[in-house]
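Here are a few exercises on backbone geometry and exposure. Have the viewer open and work through them at your own pace.

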Amino acid sequence: MSQVIIASQLDEDFNEVIRDRLAKIHPEAQVIGVPVGVPSDLPPQANILLLRPINVRGYTAPDTPPPGWPYGAQWVHLVSSGIDFYPQWLFNGPPVTTSRGSAADNLAEFALAAIFAASKHLPDIWVKDSQWNFTALRPLKGTTLGILGFGAIGERLAQKALALGIKVVALRQSLAPFSAGVEAANDIHDLFARADHLVVAAPLTESTRQLINRDVLGSAKPGLHLINIARGGLLDQEALLEALDNGQIGLASLDVTEPEPLPDGHRLYSHPRVRLSPHTSAISTNSKEEIAETFLANLERYVANVELYNRAN
């Protein structure tokens, strides 16, 4: 294996974490910072590319790669879990891997925080004067959590929910059995009909775009709390607003939308039954270490010339 030269689009503080870790295991390795966006004019000696999302904030990459792509890159590692933020041509060259699972606990905890906030009326019950009004808070034990998509995020979420005495029912495309304590839904309509809280954790593909449409929302248990921590494109937002207006959906906690950010004045900002956050559920104070851990684990496989984890192509 030739010397490890990494071209990285990560911020410099992230690169420093990777450099510090590499110094102990591959002291000859180098990390070279490169601009974000469509990768072009990479250092000729770089054989690994650490890539940030490209198609974000209204930008869409060209349908064809830049001249010279993939330069000297033999492996491309995405710092995101999903692949929908990247042009298709990226997957027609060297092996591409994702950071799937690196933020699974962060996302699961965020979903649980949204469930706690809804059930315990947070922050509405905080008081600022002597006018104390008692509110009956809904228990979580015995409620039903639906999970749409059951990869690393769904698995971690299910484990945490079961420990709280929450029933878990899930649906995914794979025929693999669910972990202990998780019940399989018959279909998406059954999932929505049974859940008190439903977390969307599925990948966005052409086949799943607007999977949660007016018909599916119409199947929901009245008052369902819908939580989307996956991708905004999975959800028909106009149909959601209708379901919120008529009470079929009691509350929507959305960490993702389409587009991102939503334009000023969009109804999701002001709807009284919507809790909107700026696609932040995966980000934590440990993100540098989490991204480094996932990348470096695969780097060992790259150096050993064995199959890489989390292949996207």
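A residue is buried under 20% relative accessible area, exposed over 50%, and partly exposed in between (1.4 Å probe, protein chains only). This is a predicted model: local features need pLDDT of at least 70, side-chain atom pairs count only at pLDDT 80 or more, and totals for chains, interfaces and linings use all residues. Residues are numbered from 1 along each chain as its sequence is written, and side-chain values use heavy atoms, with hydrogens and water left out.

**Exercise 1.** Find where Arg-57 sits and decide whether Arg-57 is buried or exposed.

Solution. Start with the location: Arg-57 belongs to the loop between E3 and E4. Helices (H or I, at least four residues) and strands (E, at least two) are DSSP runs, numbered from the N terminus. Next, the relative accessibility of Arg-57 is 70%, so Arg-57 is exposed. Finally, check the backbone: phi is near 50°, positive although Arg-57 is not glycine.

**Exercise 2.** Do likewise for His-121, starting from phi.

Solution. Phi of His-121 is about 55°, again a positive value in a non-glycine residue. His-121 lies in the loop between helix H2 (104–119) and strand E6 (144–148). With 24% relative accessibility, His-121 is partly exposed.

**Exercise 3.** Locate the cis peptide bonds that lead into Pro-70 and Pro-259.

Solution. Take Trp-69 to Pro-70 to begin: omega is near 10°, and Pro-70 is in the loop between strand E3 (48–51) and strand E4 (75–78). Then turn to Glu-258 and Pro-259, where omega is about 0°; Pro-259 is in the loop between strand E11 (249–254) and H7.
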